[in-house]
Amino acid sequence: MSAVTCQGLVKRFQQGDQTIYGLDHVDLSVAEGGFLCLSGPSGSGKTTLLNAIGGLDKPDQGSITIAGCCIDALSKGQLADMRLSNIGFVFQAYNLIPVLSARENVEFVMQVQGLSASERRQAADDILREVGLQGLEDRRPAQLSGGQQQRVAVARAIVSKPALVLADEPTANLDSHTAEQLMNLFVELNVKHKVTFIIATHDTRVMEYAKRLIRMVDGKIVEDEIR
Amino acid sequence: MMPVSPFKLSGVLWVLAWRNLWRNYRRTLIMLTAIAVGVWAMIFLTAMMRGMVDDMVRGSTSTLLGHVQLHHPQYRDDPNIVNSMPPPSTSLQQALNSESVVAWTTRVRVPAVISSERETTGITLVGIDPESERPLSFIAHKITEGRYLESPNDRGVILGKRLVDKLETRLGKRVVLMSQDPDNNVVDRGFRVVGIYRSDPSMIEEQFAFVGRTTAQGFLHMGEQISEVEVLGSDYRQAKSLAVPLRQTANNETVPIEVLSWTEIDRYLGSMLPMMDGFVLVWIIVVFTALSFGLVNTLAMAVFERVREIGLMQALGMKPQAIMLQVLFESIFLLVIGLVIGNLSAWLTILPLQSGIDISVVAQGLEMGGMSSMLYPSLQIEDMILATVVVLLLGMGASLLPAWRAARLDPIKALTKH
Ligand SMILES: Nc1ncnc2c1ncn2[C@@H]1O[C@H](COP(=O)(O)OP(=O)(O)O)[C@@H](O)[C@H]1O
Ligand SMILES: [Mg+2]
């Protein structure tokens, strides 16, 4: 079964009197356990596609199925539940809740999922160590560098081992060493836990890890390379 | 995995609400001050108004009204001597000596004419038992010249200062009291003025002349008959329930006896109490309405500033209801802290005023309404509870609007907002 199926996705944006196609009839099927990179120039629709798959933004046309479940007709609350139980997100920017510490940010999703305090704390501290933030657990986002914040966001996205991780430019603020660490972590999760990854990036270092590389231009898929 | 109900999430929601509250601490402090001042104003003014009503009621109940009165059924229509009643029977005395009765006394109270050497005027003649009268009415405590009556057989009369002036008489002089006996014969008798009283309000001074009860019964040819029994309970608000057992006992008496609480005797004054309750509620709601604008605005601002975070939380799988709860929790924090400060400061400001506030500057006008020149604020726990409940419930109601708006935010718009 495929983890994600998109059929005929269209998303239009109005900019002045111009209509822009964020997504222009996108068909895509991502296998379970896939490791897919979305590449393409800025403005090519990568973020728009991730948001549509995550149920954050409704496409104007087309249909999306996540883990065998069609999300087109789900309500806001149902979409929230779907994200909670299936998807880990890493956004391009503004990832963390400012009033919560790094640990609390990581715990947040597990808290919403209803895990016990001890489980949460253990899992949060483990994952923060894995992303190299040991000792910074109690810092608030404002007390962390951009790269550190991004790693907290990654930790939060993968801590509850979701079936699917959607990451938007996850390495944008990271030095190459940390970026490599992060990608190794992604690969490990992908291999060990069969977590499906869809990563939007224009970082060539990231693309090297991809099992499948898709190139988008103007909201269309122009290349689809399986390696 | 089972989706978690937003209520189980309340732990993290409370934490978020609390920390968010202090992000813009200046705005929070301003709002807290507004709520506290509003609540203070609700309670303080209510205590003042209650104090005024207390004063009016106490003034009246101590002016020969008491909490409960027993009379002949026709006495109130016609306080003539023929509408008198026998003194309380043994069973009635038993009821009158019960726990809930603080004091009781019997009186003769009939219309009469008083004459000095120079003037004649109509008054109400009140025959009292000086000892049992003491806790019930003002008279024992307001003698300014001469003495109080010594026994029911005392042969003197006590007059008000204004009546003494009107009659152009003075302490030690004799006056003549004239009335009717039960057979409609005119009876009169001379009394020496043994005491002069002052009262608040002073018009009372022209109305009542006090003599010994037995003396009055003798010269009016009444035998043992009396005009009324007056009963005092511990709280004027409880007068109605005080009357109930007395009425039951009185119904079994051989003669008909009417038992009424002060609210039934002085209906105008009695209506003050429910009217006050209405006023208090209206006042609380008016102040709240002013507050609610600030509250809704504060929350709306807080939501507006956090649009992105709210989007993020939704993107992470937090449901709209949970977002709504988070805003409501923030509102609860504001309201509860404001209420605690408001209630405390009201209590602390009223406490030192318990010994009374001198309002004699404005008292000239107020005395007409039956009030004295001292105001004793009356802090009622019920009023504090009412203010608290109204502010809390209506406050949460008003917060629903910004909370609902936050829940309806579109996560993607919120996240991409720059
Ligand atoms: N909310 C929006 N309103 C208007 N235009 C938008 C909006 N979101 C995206 N777009 C446009 O859609 C196109 C695709 O954007 P995006 O998916 O963010 O590209 P990428 O992530 O590949 O850089 C761009 O031209 C962008 O300007
Ligand atoms: Mg993008």
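Colleague: How much area do chain A and chain B bury between them?

Modeller: This is a predicted model, in which local features need pLDDT of at least 70 and side-chain atom pairs count only at pLDDT 80 or more, while totals for chains, interfaces and linings use all residues. Residues are numbered from 1 along each chain as its sequence is written, chains are lettered from A and ligands numbered from 1 in the order in which they are written, and side-chain values use heavy atoms, with hydrogens and water left out. Taking buried area as the accessible area (1.4 Å probe) that two parts lose on being put together, summed over both, 70% of the area that chain A and chain B bury lies on carbon and sulfur atoms, and the total is about 2,600 Å².

Colleague: Which residues in chain A lose the most area to chain B?

Modeller: Contact (heavy atoms within 4.5 Å) joins 29 residues of chain A to 29 residues of chain B. Together, 24% of what the chain A side buries comes from the residues that lose the most area, namely Lys76(A), Tyr94(A) and Val99(A).

Colleague: Which residue of chain B forms a salt bridge with Asp81(A)?

Modeller: A salt bridge is a side-chain nitrogen of Lys or Arg within 4 Å of a carboxyl oxygen of Asp or Glu, and the rule finds two across the interface of chain A and chain B. For Asp81(A), the closest N and O atoms are 2.9 Å apart, and the partner is Lys319(B).

Colleague: Which helix of chain A gives the most to the side that touches chain B?

Modeller: Helices here are DSSP runs (H or I, at least four residues), numbered from the N terminus. In chain A, helix 2 (76-86) and helix 3 (102-113) each supply at least two residues of the side that touches chain B. With seven residues, the one that gives the most is helix 2 of chain A.

Colleague: Which residue has a polar side-chain atom 2.6 Å from an oxygen atom of ligand 1?

Modeller: The residues around ligand 1 (a heavy atom within 4 Å) include Gly43(A), Ser44(A), Lys46(A) and Thr47(A). Polar backbone atoms of Gly43(A) and Ser44(A) lie 2.7 Å and 3.2 Å, respectively, from an oxygen atom of the ligand. The side-chain atom at 2.6 Å belongs to Thr47(A).

Colleague: How far does helix 2 of chain B reach from its first C-alpha to its last?

Modeller: This helix covers residues 25-65, 41 residues in number, and its expected span is 1.5 Å times one less than that number, which is 60 Å. Close to that expected value, helix 2 of chain B reaches 56 Å.

How values were computed. Polar contact = N/O pair within 3.5 Å; in protein donor to acceptor, adjacent residues only side chain to side chain.
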